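Here is a short report on a predicted model. It covers the ligand sites, the annotated positions and one helix.

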Amino acid sequence: MIMRIARTTDSDFEALYQRITQRGRVFDEDLWKVVEKIVDDVARKGDEALFDYTQRLDGYALTAETVAVSGKELEEAASRVEASDLAIMRQAAQRIEAFHRHQIAENWTVSDEPGIILGQRIVPLERVGIYAPGGLASYPSTVLMAAVPAKIAGVGEIILVNPSRGGQIHPLIAATAKLCGISRIFKIGGAQAVAALAYGTETIPRVDKIVGPGNAYVAAAKKMVFGQVSIDMIAGPSEILIIADQTAQPAFVAADLLSQAEHDEMASAVLVTPDEVLAREVSVELKRQLERLPRRTIAERSLEAFGAILVTDNLEGAVTVANRFAPEHLELIVEDPWKLLEGIKHAGAVFLGHYTPEAIGDYIAGPNHVLPTGGTARFSSALGVYDFVKRISVVCFSRDVLEDYGPKAARFARLEGLDAHGNSISLRLAGKNS
Ligand SMILES: NC(=O)c1ccc[n+]([C@@H]2O[C@H](COP(=O)([O-])OP(=O)(O)OC[C@H]3O[C@@H](n4cnc5c(N)ncnc54)[C@H](O)[C@@H]3O)[C@@H](O)[C@H]2O)c1
Ligand SMILES: N[C@H](CO)Cc1c[nH]c[nH+]1
Ligand SMILES: [Zn+2]
(Lines give C-alpha, C1' and ligand atoms only; values in the text may rest on other atoms or scores of the structure.)
(Ligands and ions follow the chains in the order given, each with its own letter.)
Protein backbone atom coordinates (compact mmCIF):
# COMPACT_ATOMS: atom_id res chain seq x y z
CA MET A 1 0.00 0.00 0.00
CA ILE A 2 1.49 3.34 -1.06
CA MET A 3 -0.58 5.49 1.24
CA ARG A 4 -1.60 4.35 4.66
CA ILE A 5 -5.30 4.53 5.47
CA ALA A 6 -5.55 6.38 8.77
CA ARG A 7 -8.21 7.80 11.05
CA THR A 8 -8.03 11.28 12.51
CA THR A 9 -8.48 9.63 15.91
CA ASP A 10 -5.29 7.54 15.48
CA SER A 11 -2.61 8.35 18.02
CA ASP A 12 -0.11 9.30 15.32
CA PHE A 13 -2.53 11.40 13.21
CA GLU A 14 -1.06 14.60 14.63
CA ALA A 15 2.45 13.58 13.56
CA LEU A 16 1.15 12.81 10.05
CA TYR A 17 -0.64 16.15 9.89
CA GLN A 18 2.51 17.99 11.00
CA ARG A 19 4.70 16.18 8.50
CA ILE A 20 2.45 17.12 5.59
CA THR A 21 1.75 20.72 6.53
CA GLN A 22 5.21 21.54 7.83
CA ARG A 23 6.71 20.34 4.58
CA GLY A 24 4.78 23.16 2.96
CA ARG A 25 6.56 25.60 5.20
CA VAL A 26 9.68 24.67 3.33
CA PHE A 27 11.96 25.93 5.96
CA ASP A 28 13.93 22.94 6.78
CA GLU A 29 17.01 24.28 8.58
CA ASP A 30 19.55 22.83 6.13
CA LEU A 31 17.64 24.10 3.10
CA TRP A 32 17.35 27.54 4.68
CA LYS A 33 21.13 27.70 5.17
CA VAL A 34 21.76 26.70 1.54
CA VAL A 35 19.35 29.36 0.30
CA GLU A 36 20.74 32.01 2.64
CA LYS A 37 24.22 31.50 1.23
CA ILE A 38 22.96 31.67 -2.38
CA VAL A 39 20.94 34.84 -1.77
CA ASP A 40 23.79 36.48 0.11
CA ASP A 41 26.35 35.61 -2.57
CA VAL A 42 24.20 36.92 -5.42
CA ALA A 43 23.35 40.10 -3.49
CA ARG A 44 27.06 40.77 -2.90
CA LYS A 45 28.73 39.45 -6.03
CA GLY A 46 26.01 39.88 -8.68
CA ASP A 47 26.48 38.13 -12.01
CA GLU A 48 29.63 36.29 -10.93
CA ALA A 49 27.67 34.38 -8.24
CA LEU A 50 24.54 34.09 -10.39
CA PHE A 51 26.44 32.43 -13.23
CA ASP A 52 28.44 30.28 -10.85
CA TYR A 53 25.31 28.87 -9.14
CA THR A 54 23.62 28.33 -12.51
CA GLN A 55 26.59 26.25 -13.61
CA ARG A 56 26.66 24.28 -10.36
CA LEU A 57 22.94 23.72 -9.85
CA ASP A 58 21.50 23.79 -13.35
CA GLY A 59 24.51 22.59 -15.27
CA TYR A 60 24.86 25.24 -17.97
CA ALA A 61 27.24 28.11 -18.52
CA LEU A 62 26.03 31.69 -18.78
CA THR A 63 27.76 34.94 -19.61
CA ALA A 64 26.62 38.53 -19.65
CA GLU A 65 26.05 38.05 -23.37
CA THR A 66 23.99 34.85 -23.15
CA VAL A 67 21.94 35.21 -19.93
CA ALA A 68 19.10 37.06 -21.68
CA VAL A 69 17.08 35.30 -24.37
CA SER A 70 17.75 37.17 -27.59
CA GLY A 71 14.97 38.13 -30.00
CA LYS A 72 16.32 35.56 -32.46
CA GLU A 73 16.36 32.79 -29.83
CA LEU A 74 12.81 33.67 -28.82
CA GLU A 75 11.53 33.54 -32.38
CA GLU A 76 13.34 30.32 -33.19
CA ALA A 77 12.19 28.52 -30.06
CA ALA A 78 8.60 29.73 -30.38
CA SER A 79 8.45 28.69 -34.03
CA ARG A 80 8.95 25.07 -32.97
CA VAL A 81 5.52 24.97 -31.32
CA GLU A 82 2.78 23.39 -33.42
CA ALA A 83 0.08 25.79 -34.59
CA SER A 84 -2.63 23.59 -33.04
CA ASP A 85 -0.85 23.70 -29.64
CA LEU A 86 -0.48 27.45 -29.92
CA ALA A 87 -4.22 27.71 -30.56
CA ILE A 88 -4.90 25.84 -27.29
CA MET A 89 -2.60 28.22 -25.42
CA ARG A 90 -4.29 31.20 -27.01
CA GLN A 91 -7.68 29.92 -25.90
CA ALA A 92 -6.35 29.30 -22.39
CA ALA A 93 -4.97 32.86 -22.33
CA GLN A 94 -8.36 34.22 -23.42
CA ARG A 95 -10.19 32.31 -20.68
CA ILE A 96 -7.65 33.39 -18.06
CA GLU A 97 -7.97 36.99 -19.23
CA ALA A 98 -11.78 36.94 -19.17
CA PHE A 99 -11.78 35.60 -15.60
CA HIS A 100 -9.19 38.07 -14.34
CA ARG A 101 -10.90 41.10 -15.89
CA HIS A 102 -13.49 40.75 -13.14
CA GLN A 103 -10.74 41.57 -10.63
CA ILE A 104 -9.97 45.06 -11.93
CA ALA A 105 -10.33 47.60 -9.15
CA GLU A 106 -11.34 51.18 -9.98
CA ASN A 107 -10.10 54.45 -8.55
CA TRP A 108 -12.67 56.02 -6.29
CA THR A 109 -13.29 59.29 -4.46
CA VAL A 110 -15.86 60.14 -1.85
CA SER A 111 -16.92 63.36 -0.16
CA ASP A 112 -18.23 62.34 3.24
CA GLU A 113 -18.65 66.02 4.27
CA PRO A 114 -18.58 69.29 2.33
CA GLY A 115 -14.93 70.36 2.07
CA ILE A 116 -13.49 66.85 2.34
CA ILE A 117 -12.49 64.66 -0.58
CA LEU A 118 -11.09 61.21 0.14
CA GLY A 119 -10.16 58.55 -2.32
CA GLN A 120 -8.03 55.69 -3.47
CA ARG A 121 -5.98 55.47 -6.64
CA ILE A 122 -5.03 52.12 -8.13
CA VAL A 123 -1.51 52.27 -9.53
CA PRO A 124 0.19 49.43 -11.41
CA LEU A 125 3.60 48.24 -10.27
CA GLU A 126 6.43 49.50 -12.44
CA ARG A 127 8.54 46.36 -12.80
CA VAL A 128 7.63 42.80 -11.89
CA GLY A 129 9.62 39.57 -12.05
CA ILE A 130 7.77 36.38 -12.94
CA TYR A 131 9.31 33.10 -11.84
CA ALA A 132 8.26 30.27 -14.17
CA PRO A 133 9.55 26.99 -12.72
CA GLY A 134 11.62 24.74 -14.90
CA GLY A 135 13.45 22.16 -12.87
CA LEU A 136 11.43 18.96 -12.98
CA ALA A 137 8.90 20.12 -15.57
CA SER A 138 8.35 23.12 -17.79
CA TYR A 139 5.43 25.40 -16.91
CA PRO A 140 4.27 27.53 -19.86
CA SER A 141 0.84 27.58 -18.18
CA THR A 142 2.43 29.46 -15.26
CA VAL A 143 3.70 32.12 -17.67
CA LEU A 144 0.07 32.72 -18.70
CA MET A 145 -1.21 32.66 -15.12
CA ALA A 146 1.24 35.35 -14.04
CA ALA A 147 1.60 37.47 -17.15
CA VAL A 148 -2.07 37.80 -18.07
CA PRO A 149 -3.15 39.47 -14.78
CA ALA A 150 0.03 41.58 -14.78
CA LYS A 151 -0.87 42.89 -18.23
CA ILE A 152 -4.45 43.59 -17.20
CA ALA A 153 -3.15 45.54 -14.20
CA GLY A 154 -0.95 47.64 -16.50
CA VAL A 155 2.47 46.66 -15.10
CA GLY A 156 5.16 48.79 -16.75
CA GLU A 157 7.68 46.04 -17.41
CA ILE A 158 7.56 42.27 -16.99
CA ILE A 159 10.76 40.31 -16.53
CA LEU A 160 10.49 36.54 -16.92
CA VAL A 161 13.00 34.13 -15.38
CA ASN A 162 13.08 30.42 -16.10
CA PRO A 163 15.80 27.82 -15.60
CA SER A 164 16.18 26.61 -19.14
CA ARG A 165 17.52 23.13 -19.75
CA GLY A 166 21.01 23.30 -21.18
CA GLY A 167 20.79 27.06 -21.48
CA GLN A 168 18.16 26.90 -24.24
CA ILE A 169 14.76 28.49 -23.71
CA HIS A 170 11.99 25.91 -23.84
CA PRO A 171 9.86 26.35 -27.00
CA LEU A 172 6.59 26.39 -25.02
CA ILE A 173 7.93 29.01 -22.61
CA ALA A 174 9.05 31.08 -25.60
CA ALA A 175 5.65 30.72 -27.27
CA THR A 176 3.65 31.71 -24.18
CA ALA A 177 6.01 34.61 -23.45
CA LYS A 178 5.49 35.85 -27.00
CA LEU A 179 1.75 35.42 -26.64
CA CYS A 180 1.86 37.65 -23.55
CA GLY A 181 4.17 40.21 -25.12
CA ILE A 182 7.10 39.51 -22.76
CA SER A 183 10.43 40.19 -24.38
CA ARG A 184 12.84 40.34 -21.41
CA ILE A 185 13.52 36.75 -20.45
CA PHE A 186 16.49 35.46 -18.49
CA LYS A 187 17.70 31.86 -18.42
CA ILE A 188 18.07 31.67 -14.67
CA GLY A 189 16.23 29.82 -11.94
CA GLY A 190 16.24 28.69 -8.33
CA ALA A 191 17.14 30.83 -5.32
CA GLN A 192 19.85 32.57 -7.37
CA ALA A 193 17.24 33.93 -9.81
CA VAL A 194 15.06 35.18 -6.96
CA ALA A 195 18.06 36.93 -5.40
CA ALA A 196 19.06 38.47 -8.74
CA LEU A 197 15.56 39.88 -9.22
CA ALA A 198 15.46 41.20 -5.67
CA TYR A 199 18.85 42.91 -5.60
CA GLY A 200 19.64 43.37 -9.27
CA THR A 201 22.94 42.35 -10.87
CA GLU A 202 24.98 43.75 -13.72
CA THR A 203 22.63 42.02 -16.18
CA ILE A 204 19.39 41.44 -14.27
CA PRO A 205 17.27 44.47 -13.43
CA ARG A 206 15.98 44.78 -9.89
CA VAL A 207 12.20 44.41 -9.72
CA ASP A 208 9.53 45.70 -7.34
CA LYS A 209 7.78 42.38 -6.87
CA ILE A 210 8.52 38.71 -7.55
CA VAL A 211 5.58 36.44 -8.33
CA GLY A 212 5.22 32.83 -9.29
CA PRO A 213 5.59 29.37 -7.86
CA GLY A 214 8.65 27.22 -7.47
CA ASN A 215 10.19 24.41 -5.51
CA ALA A 216 11.24 24.64 -1.88
CA TYR A 217 14.45 26.56 -2.73
CA VAL A 218 12.53 29.16 -4.71
CA ALA A 219 9.86 29.52 -2.03
CA ALA A 220 12.45 29.91 0.74
CA ALA A 221 14.36 32.50 -1.31
CA LYS A 222 11.19 34.50 -1.91
CA LYS A 223 10.47 34.51 1.80
CA MET A 224 14.05 35.61 2.46
CA VAL A 225 14.04 38.58 0.08
CA PHE A 226 10.61 39.81 1.15
CA GLY A 227 11.04 43.37 2.36
CA GLN A 228 13.75 44.09 -0.17
CA VAL A 229 11.03 43.45 -2.75
CA SER A 230 7.41 42.43 -2.47
CA ILE A 231 6.33 38.86 -3.16
CA ASP A 232 2.95 37.41 -4.04
CA MET A 233 2.81 34.50 -1.58
CA ILE A 234 4.55 31.28 -0.68
CA ALA A 235 3.57 29.11 -3.67
CA GLY A 236 5.69 26.07 -3.03
CA PRO A 237 5.35 22.38 -3.90
CA SER A 238 1.85 21.54 -5.13
CA GLU A 239 -0.82 19.88 -3.04
CA ILE A 240 -4.31 18.52 -3.35
CA LEU A 241 -6.86 17.46 -0.79
CA ILE A 242 -9.95 15.61 -1.97
CA ILE A 243 -13.13 15.15 0.00
CA ALA A 244 -15.04 12.26 -1.55
CA ASP A 245 -18.11 10.28 -0.58
CA GLN A 246 -19.64 6.98 -1.69
CA THR A 247 -20.74 8.57 -5.01
CA ALA A 248 -17.13 9.14 -6.10
CA GLN A 249 -15.43 6.92 -8.64
CA PRO A 250 -12.19 5.54 -7.18
CA ALA A 251 -10.39 5.87 -10.52
CA PHE A 252 -11.21 9.60 -10.74
CA VAL A 253 -10.07 10.20 -7.18
CA ALA A 254 -6.80 8.30 -7.63
CA ALA A 255 -6.07 10.07 -10.92
CA ASP A 256 -6.58 13.47 -9.33
CA LEU A 257 -4.32 12.62 -6.38
CA LEU A 258 -1.61 11.53 -8.81
CA SER A 259 -2.04 14.68 -10.91
CA GLN A 260 -0.49 16.72 -8.14
CA ALA A 261 1.85 14.08 -6.74
CA GLU A 262 3.64 13.93 -10.09
CA HIS A 263 4.78 17.55 -9.75
CA ASP A 264 7.43 17.01 -7.14
CA GLU A 265 8.60 14.55 -4.47
CA MET A 266 7.69 17.34 -2.07
CA ALA A 267 4.11 17.55 -3.39
CA SER A 268 1.27 16.35 -1.20
CA ALA A 269 -1.95 14.46 -2.02
CA VAL A 270 -4.55 13.65 0.62
CA LEU A 271 -7.94 11.95 0.40
CA VAL A 272 -10.46 12.50 3.18
CA THR A 273 -13.57 10.33 3.13
CA PRO A 274 -16.18 8.92 5.45
CA ASP A 275 -16.41 5.86 3.21
CA GLU A 276 -13.96 3.09 4.15
CA VAL A 277 -14.77 1.09 1.03
CA LEU A 278 -13.83 4.06 -1.18
CA ALA A 279 -10.64 4.50 0.84
CA ARG A 280 -9.57 0.94 0.07
CA GLU A 281 -10.60 1.14 -3.60
CA VAL A 282 -8.66 4.36 -4.13
CA SER A 283 -5.62 2.77 -2.57
CA VAL A 284 -5.81 -0.10 -5.09
CA GLU A 285 -6.40 2.34 -7.98
CA LEU A 286 -3.40 4.42 -7.01
CA LYS A 287 -1.14 1.42 -7.27
CA ARG A 288 -2.64 0.44 -10.62
CA GLN A 289 -2.45 3.92 -12.17
CA LEU A 290 1.04 4.57 -10.82
CA GLU A 291 2.43 1.69 -12.83
CA ARG A 292 1.63 3.47 -16.08
CA LEU A 293 2.92 6.90 -15.11
CA PRO A 294 6.07 8.21 -16.75
CA ARG A 295 6.75 10.30 -13.63
CA ARG A 296 6.07 7.32 -11.40
CA THR A 297 9.15 7.70 -9.20
CA ILE A 298 8.36 11.32 -8.32
CA ALA A 299 4.68 10.58 -7.68
CA GLU A 300 5.41 7.49 -5.62
CA ARG A 301 7.90 9.30 -3.39
CA SER A 302 5.48 12.16 -2.91
CA LEU A 303 2.64 9.80 -1.93
CA GLU A 304 4.85 7.83 0.43
CA ALA A 305 6.22 10.85 2.22
CA PHE A 306 3.37 13.35 2.08
CA GLY A 307 0.27 11.42 1.04
CA ALA A 308 -2.54 10.10 3.19
CA ILE A 309 -6.00 8.55 3.03
CA LEU A 310 -7.95 9.71 6.04
CA VAL A 311 -11.24 8.19 7.12
CA THR A 312 -13.61 10.44 9.07
CA ASP A 313 -16.91 9.69 10.80
CA ASN A 314 -18.90 11.83 8.36
CA LEU A 315 -18.61 14.61 5.76
CA GLU A 316 -18.68 17.36 8.38
CA GLY A 317 -15.60 15.74 9.90
CA ALA A 318 -13.98 15.75 6.46
CA VAL A 319 -14.64 19.49 6.10
CA THR A 320 -13.05 20.13 9.49
CA VAL A 321 -9.93 18.22 8.39
CA ALA A 322 -9.82 20.12 5.07
CA ASN A 323 -10.01 23.47 6.82
CA ARG A 324 -7.18 22.41 9.11
CA PHE A 325 -4.98 21.52 6.14
CA ALA A 326 -5.95 24.70 4.24
CA PRO A 327 -4.85 23.01 1.00
CA GLU A 328 -3.77 24.68 -2.21
CA HIS A 329 -6.39 22.69 -4.15
CA LEU A 330 -9.53 21.22 -2.67
CA GLU A 331 -11.78 18.89 -4.63
CA LEU A 332 -15.30 18.10 -3.45
CA ILE A 333 -16.25 14.86 -5.21
CA VAL A 334 -19.48 14.33 -3.31
CA GLU A 335 -23.19 14.13 -3.97
CA ASP A 336 -23.88 17.77 -3.10
CA PRO A 337 -20.63 19.73 -3.42
CA TRP A 338 -22.32 23.16 -3.27
CA LYS A 339 -23.66 22.35 0.18
CA LEU A 340 -20.21 21.28 1.37
CA LEU A 341 -18.68 24.46 -0.07
CA GLU A 342 -20.54 26.52 2.52
CA GLY A 343 -18.36 25.04 5.27
CA ILE A 344 -15.04 25.61 3.48
CA LYS A 345 -13.02 28.38 5.07
CA HIS A 346 -9.48 27.70 3.92
CA ALA A 347 -8.36 26.61 0.43
CA GLY A 348 -6.53 28.17 -2.51
CA ALA A 349 -9.11 26.97 -5.04
CA VAL A 350 -12.08 24.62 -4.81
CA PHE A 351 -13.16 22.22 -7.57
CA LEU A 352 -16.73 20.98 -7.36
CA GLY A 353 -18.31 17.75 -8.53
CA HIS A 354 -17.32 14.64 -10.39
CA TYR A 355 -16.32 16.38 -13.60
CA THR A 356 -14.04 19.15 -12.38
CA PRO A 357 -10.59 17.59 -12.08
CA GLU A 358 -8.09 20.02 -10.60
CA ALA A 359 -6.01 19.79 -13.79
CA ILE A 360 -8.70 21.70 -15.69
CA GLY A 361 -7.91 24.63 -13.40
CA ASP A 362 -4.17 24.23 -13.99
CA TYR A 363 -4.63 25.07 -17.65
CA ILE A 364 -7.83 26.41 -19.07
CA ALA A 365 -10.72 26.97 -16.63
CA GLY A 366 -9.77 30.63 -16.11
CA PRO A 367 -8.96 31.13 -12.40
CA ASN A 368 -5.30 31.36 -11.46
CA HIS A 369 -3.26 28.25 -10.72
CA VAL A 370 -0.62 30.11 -8.72
CA LEU A 371 -1.98 29.38 -5.28
CA PRO A 372 -0.85 29.42 -1.65
CA THR A 373 0.58 26.17 -0.30
CA GLY A 374 1.67 24.73 3.03
CA GLY A 375 -1.39 25.91 4.94
CA THR A 376 -0.86 29.54 3.87
CA ALA A 377 -4.33 29.52 2.27
CA ARG A 378 -5.36 30.45 5.82
CA PHE A 379 -4.36 34.01 4.94
CA SER A 380 -3.32 34.12 1.25
CA SER A 381 -5.27 34.00 -2.00
CA ALA A 382 -4.74 33.06 -5.61
CA LEU A 383 -2.48 35.27 -7.70
CA GLY A 384 -4.60 37.95 -9.32
CA VAL A 385 -4.75 41.41 -10.85
CA TYR A 386 -4.72 42.84 -7.31
CA ASP A 387 -1.17 41.48 -6.86
CA PHE A 388 0.14 43.78 -9.57
CA VAL A 389 -1.22 47.07 -8.27
CA LYS A 390 -0.76 49.33 -5.27
CA ARG A 391 -3.40 51.46 -3.64
CA ILE A 392 -2.58 55.10 -2.95
CA SER A 393 -4.83 56.98 -0.55
CA VAL A 394 -5.91 60.51 -1.48
CA VAL A 395 -6.90 63.22 1.04
CA CYS A 396 -7.99 66.82 0.37
CA PHE A 397 -9.38 69.19 3.07
CA SER A 398 -10.69 72.71 2.58
CA ARG A 399 -9.68 75.49 4.96
CA ASP A 400 -13.16 75.44 6.52
CA VAL A 401 -13.09 71.77 7.47
CA LEU A 402 -9.54 72.08 8.74
CA GLU A 403 -10.93 74.58 11.24
CA ASP A 404 -13.30 71.89 12.47
CA TYR A 405 -11.04 68.82 12.54
CA GLY A 406 -7.66 70.59 12.90
CA PRO A 407 -7.82 71.36 16.65
CA LYS A 408 -8.90 67.77 17.37
CA ALA A 409 -6.01 66.35 15.37
CA ALA A 410 -3.61 68.85 16.98
CA ARG A 411 -4.77 67.77 20.43
CA PHE A 412 -4.33 64.11 19.42
CA ALA A 413 -0.79 64.93 18.28
CA ARG A 414 0.04 66.55 21.63
CA LEU A 415 -1.35 63.51 23.45
CA GLU A 416 1.18 61.47 21.50
CA GLY A 417 3.90 63.97 22.40
CA LEU A 418 4.35 64.95 18.76
CA ASP A 419 4.35 68.73 18.88
CA ALA A 420 5.60 69.27 15.34
CA HIS A 421 2.55 67.41 14.09
CA GLY A 422 0.30 69.68 16.14
CA ASN A 423 2.16 72.78 14.94
CA SER A 424 1.67 71.90 11.28
CA ILE A 425 -2.04 72.11 11.91
CA SER A 426 -2.12 75.01 14.41
CA LEU A 427 -0.02 77.19 12.15
CA ARG A 428 -2.70 77.05 9.47
CA LEU A 429 -5.36 77.96 11.99
CA ALA A 430 -3.38 80.81 13.59
CA GLY A 431 -5.53 83.90 14.03
CA LYS A 432 -8.62 81.73 13.81
CA ASN A 433 -9.17 79.25 16.64
CA SER A 434 -5.72 77.68 17.11
N1 LIG B 1 1.80 26.52 -5.88
C2 LIG B 1 1.69 26.76 -7.15
O3 LIG B 1 0.91 27.60 -7.57
C4 LIG B 1 2.53 25.98 -8.15
C5 LIG B 1 2.33 26.12 -9.56
C6 LIG B 1 3.17 25.41 -10.43
C7 LIG B 1 4.17 24.61 -9.91
N8 LIG B 1 4.32 24.51 -8.55
C9 LIG B 1 5.41 23.78 -7.96
O10 LIG B 1 6.60 24.39 -8.43
C11 LIG B 1 7.63 23.48 -8.24
C12 LIG B 1 8.55 23.49 -9.44
O13 LIG B 1 9.73 22.88 -9.04
P14 LIG B 1 10.89 22.49 -10.03
O15 LIG B 1 11.96 21.88 -9.21
O16 LIG B 1 10.31 21.74 -11.15
O17 LIG B 1 11.39 23.86 -10.68
P18 LIG B 1 11.94 25.22 -10.03
O19 LIG B 1 12.22 26.10 -11.18
O20 LIG B 1 11.07 25.72 -8.96
O21 LIG B 1 13.30 24.81 -9.34
C22 LIG B 1 14.43 24.46 -10.08
C23 LIG B 1 15.63 25.15 -9.47
O24 LIG B 1 15.86 24.70 -8.15
C25 LIG B 1 17.21 24.85 -7.85
N26 LIG B 1 17.70 23.69 -7.10
C27 LIG B 1 17.44 22.39 -7.35
N28 LIG B 1 18.11 21.61 -6.47
C29 LIG B 1 18.81 22.43 -5.66
C30 LIG B 1 19.71 22.24 -4.57
N31 LIG B 1 20.01 21.01 -4.13
N32 LIG B 1 20.24 23.32 -3.97
C33 LIG B 1 19.91 24.57 -4.38
N34 LIG B 1 19.08 24.81 -5.42
C35 LIG B 1 18.54 23.77 -6.05
C36 LIG B 1 17.97 24.94 -9.16
O37 LIG B 1 18.59 26.18 -9.25
C38 LIG B 1 16.89 24.86 -10.23
O39 LIG B 1 17.03 25.85 -11.21
C40 LIG B 1 7.01 22.11 -7.98
O41 LIG B 1 7.17 21.86 -6.61
C42 LIG B 1 5.57 22.33 -8.32
O43 LIG B 1 4.77 21.52 -7.50
C44 LIG B 1 3.54 25.18 -7.69
N1 LIG C 1 -0.86 22.37 -10.19
C2 LIG C 1 0.13 23.42 -10.29
C3 LIG C 1 -0.09 24.36 -9.12
O4 LIG C 1 0.17 23.74 -7.94
C5 LIG C 1 0.04 24.20 -11.56
C6 LIG C 1 0.36 23.44 -12.80
C7 LIG C 1 0.94 23.89 -13.93
N8 LIG C 1 0.99 22.89 -14.78
C9 LIG C 1 0.44 21.85 -14.24
N10 LIG C 1 0.05 22.17 -13.01
ZN1 LIG D 1 -0.66 20.77 -11.58
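## Ligand 2

Eight positions make up the surroundings of ligand 2 in this predicted model: Y139, S141, T142, S238, Q260, E328, D362 and H369. By class, 5 of the shell residues are polar, 2 are charged and 1 is nonpolar.

Where does ligand 2 lie relative to domain 1 and domain 2? Both domain 1 (5-26 + 237-366) and domain 2 (29-233 + 385-389) give residues to its shell, so ligand 2 lies between them.

## Ligand 1

Ligand 1 is surrounded by 31 residues. The closest are G135, G189, G190, P213 and G214. Three elements give two or more residues to this shell: α3 (47-58), α8 (190-199) and α9 (216-225).

The shell around ligand 1 has 17 nonpolar, 11 polar and 3 charged residues. Domain 1 and domain 2 each supply at least three residues to the ligand 1 shell.

## Annotated binding-site positions

An unreviewed UniProt entry lists S238, Q260, H263, H329, D362, E416 and H421 under "binding site". These positions are spread over 184 residues of sequence. They are spread in space too, with C-alpha atoms up to 55.4 Å apart. S238, Q260 and D362 from that list are also among the residues around ligand 2.

## Two histidines from the list

H329 sits in strand β12 (residues 329-333). Is H329 buried or exposed? It is buried: 26 other C-beta atoms lie within 10 Å, and the cut-off for buried is 20 or more. Leaving out residues up to four places away in sequence, H329 touches E239, I240, Q260, G348, A349, F351, E358 and L371. One of these contacts, Q260, is itself on the UniProt list.

H421 is in helix α17 (residues 419-429). H421 is partly exposed, with 15 other C-beta atoms within 10 Å. That count falls between the limits of 12 for exposed and 20 for buried.

## Helix α6

Helix α6 covers residues 140-153. Its 14 residues should span 20 Å at 1.5 Å a residue. The end C-alpha atoms are 20 Å apart, which agrees.

Of the 14 residues, 12 are buried, so α6 is largely enclosed by the rest of the structure. The buried ones are P140, S141, T142, V143, L144, M145, A146, A147, V148, P149, A150 and A153. Two of them, S141 and T142, also belong to the shell around ligand 2. After α6 comes G154, with a positive phi near 90°.

Conventions: Residues are numbered from 1 along each chain as its sequence is written. Chains are lettered from A and ligands numbered from 1 in the order in which they are written. This is a predicted model: local features need pLDDT of at least 70, side-chain atom pairs count only at pLDDT 80 or more; totals for chains, interfaces and linings use all residues. Helices (H or I, at least four residues) and strands (E, at least two) are DSSP runs, numbered from the N terminus. The expected span of a helix is 1.5 Å times one less than its number of residues. A residue is near a molecule or strand if its C-beta atom, placed from the backbone, lies within 6 Å of it. Ala, Val, Leu, Ile, Met, Phe, Trp, Tyr, Cys and Pro count as nonpolar, Asp, Glu, Lys and Arg as charged, and the others, Gly among them, as polar. Domain bounds come from an automatic or database domain assignment. UniProt positions are given in the numbering used here, feature names are shortened, and annotations may be inferred rather than shown by experiment. Two residues are in contact if their C-beta atoms, placed from the backbone, lie within 7 Å.
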